Amino acid sequence: MSERRHITVAGVVQGVGFRPFVHGLALKNGLAGFVLNDTAGVTIELEGEQPALDGFLAVLTEAPPPLARIENINCSIVPPTGESEFRIVTSHGDEQRNVLMSPDIPTCEDCFKELFDPSDRRYRYPFINCTNCGPRFTIIKDVPYDRERTTMECFRMCADCAQEYHDPANRRFHAQPNACPRCGPRVRLLDFQGRESAEPDALFAAAQLLSRGAILAVKGLGGYHLACNALDHEAVRRLRARKHREDKPFALMARDLNAVREYCIVALEDERLLSSLQRPIVLLRKLEDIPIGDAVAPGQRQLGFMLPYTPLHHLLLADSDLILVMTSGNLSEEPIAYRDDEALGRLEQIADYFLVHDRQIHMRCDDSVARTIDRRELIIRRSRGYAPQPISMSVPFVQPVLACGAHLKNTFCLGKERHAFMSHHIGDLENYETLKSFVDGIAHFKNLFAVEPAVIAHDLHPEYLSTKYAVGIHGLTKIAVQHHHAHIASCMAEHGLNGPVIGVAFDGLGYGGDGTIWGGEFLVTRLAGYERRAHLRCVPLAGGDRAIREPWRMGLSYLRDALGADPLFLGLPGWDGIAEKKIELVTSMIQRGLNTVQTSSCGRLFDAVASIMGLRHEVNYEGQAAIELEMAVREGISESYPFEIGASSPWEIDLRPAIERLVLDIQMKVSVNSIAAKFHNTIVAVIVLICRRLRETDGLTLVCLSGGTFQNGYLLERLVPALRSSAFEVYLNRQVPNNDGGIALGQAAVANAVMAGGR
Ligand code: ZN
Ligand code: ZN
Ligand code: FE
């Protein structure tokens, strides 16, 4: 008895080899019917015997193609038509805009084998790909996703490639970037003046140059990298000097997991993350006495490793057998270079040679960064490999929302129905280039996902470029969201929480709206609003941005607040190196309140402590002092410092007793490592105590931890168990960063809750 079923599949189901998979599966089960791509995703009709139909559905549900992400399968019984064949129906029209788009995918195993198989026609071809792997997001110019709307449009497929492309049984059926050495993109090796090398094998020649200590600009998937041999200390130092990057760590690329294991501790969960489809840079604890010099990641106990994710990387690493520094191709804080003309101009001062190719990058996309904590992934930068995969929302958006994100580490978010489309990493919105990439990125996302926002959410800070952008757009409902409210909401949205929860938002700086700058906050939070219930005691932040670059200014603030004393008379380490005049000047700024704001920032507290301890008085990248303070911690110390909690609401957390004791420890020559541990333990104790009090007063047991301070591994590894053993349910950001890179998701969730509440 024949039966016919109508099946619709939603999710990431286009451009991932879904139709050939369905085709093959139908043939295997002896089923007739058709499959086609449409607005909702994929529609399938199947006709045949019931057991065969059930068998088909079981495989589709349990073992779909590797890159597909099925969100929903709908199945209904329809009258049989007597069809006897199975067809792939090619779709026309431009109605595919509700379809989710795949991120860029690393070289799959099949392509990897062909790449190194001398008998394959794509042997050593650096652009080999198939429906299971290859570029997507970075080459797509418009939707629907087909070759004419990607940067592959200018390459005409040769007869062999076209044959694969049209064969439903082939792995390259409708693989839009399909190419081979005869018809596809090519690599070229140029010197810094743009002259092409005469070497027949550009990749092999590039690998040789790297082995000999050269610095290469390498065009990758989402932009240019600057590469050099990580074990060549001189080359690494030269790269630092030319790039004007003093201490910020460089990322590394190794050919495989075994190579990474020679330098770092790689736990099982790290292995999984390193070889995941996202292929982020993974921060790993480094082993003792390794030949990678300190210049790669000065002052760090960790190294950031990634595995090759394009065929070009595989070839470069196989040919050179090196560990490569692969840092983003830019000068200091500019966005990563991705257009060829621009890259040559901007990087000629840094690179000795350029390894380029003629497949254009349409969307710049930086490498993602992650680490594992508590055996699970913690994202630090969510970009290549993740974007533009949406975050699924438990509450649908009542109206389409654009959230503009934060000032630093900006990402934006477009929300529609149950999807929050988080952008790739845009960067610090501090220069024209980055602002342009923010504005262009929003236009691109609006088009790709057919979102026309009715509501625009932005930070409370009136001077942020993202706020000005939002305010400058006419006709939309604008919703200003407090920075730390957004942090907590980002965590709540990820976990489908509506609140109220105890939100602990500890980070650098965020506009409070009360004339002070926040950053050590306990907010009883619902998505639509919050109450500030406790915060770190405010101290003066003197000199605006300079107070961030020069942690000793915060050290001075805290010392004066706690001891009322001049640090020069305390005999603190390194303080004699700071000009007395400067200290006098900042002291008088603090006393007279000149160019000074009050802040409860936890990030600035870490800065202050790092400086008081003499670890670091000036920084050259964001968070450096706090990271070095974390690195100074010795494990196995359980003591902490005393603190007090004020009685009036919001409770003031007074760390003056802690600072006093900490200074005493320094004077008593207690080791830096123990002091650092005791300070971290104090922060854990503060958070646990305030959470307990809020449970007493408000009966709340859910705790959301968000904000950049919680990137601190030592802190998190102690805090989470401490809260759990006090019977709290603890939530952390997992899909978006807990730093400002995740703010946009929180803004979108808050705006939606406010709209749903009918304001
Ligand atoms: Zn492949
Ligand atoms: Zn070809
Ligand atoms: Fe923040």
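**Exercise 1.** Is F18 buried or exposed, and what is its relative accessibility?

*Solution.* The model is predicted. Step one: the relative accessibility of F18 is 1%. Step two: the cut-off for a buried residue is under 20% relative accessible area. F18 therefore counts as buried.

**Exercise 2.** Classify the aromatic pair of F18 and F21, and describe the setting of F21.

*Solution.* The centres of the two rings, F18 and F21, are 6.5 Å apart, and their planes meet at 45°. Planes under 30 degrees apart count as stacked and those over 60 as edge-to-face, the rest being tilted. The pair of F18 and F21 is accordingly tilted. Both residues belong to helix α1 (residues 18–28), where a spacing of three residues places them about one helical turn apart. F21 has a relative accessible area of 22% and is partly exposed.

**Exercise 3.** Determine the geometry of the pair F606 and F679, and locate its two members.

*Solution.* For F606 and F679, the centre-to-centre distance is 5.0 Å and the angle between the planes is 75°, which is an edge-to-face arrangement. F606 lies in helix α17 (residues 602–612) and F679 in helix α20 (residues 672–698). With these positions 73 residues apart, the pair links distant parts of the chain. F606 and F679 are both buried.

**Exercise 4.** Which arginines lie over aromatic rings W518 and F728?

*Solution.* Over the ring of W518 sits the charged end of R532, 3.9 Å from the ring centre. Over the face of F728 lies R695, at 4.1 Å from the ring centre.

Note on methods
Residues are numbered from 1 along each chain as its sequence is written. Chains are lettered from A and ligands numbered from 1 in the order in which they are written. This is a predicted model: local features need pLDDT of at least 70, side-chain atom pairs count only at pLDDT 80 or more; totals for chains, interfaces and linings use all residues. Side-chain values use heavy atoms; hydrogens and water are left out. Rings of Phe, Tyr and Trp (its six-membered ring) pair if their centres lie within 6.5 Å; planes under 30 degrees apart count as stacked, over 60 as edge-to-face and the rest as tilted. Helices (H or I, at least four residues) and strands (E, at least two) are DSSP runs, numbered from the N terminus. Buried means under 20% relative accessible area, exposed over 50%, partly exposed in between (1.4 Å probe, protein chains only). A charge sits over a ring if NZ of Lys or CZ of Arg is within 6 Å of the ring centre and within 35 degrees of the ring normal.
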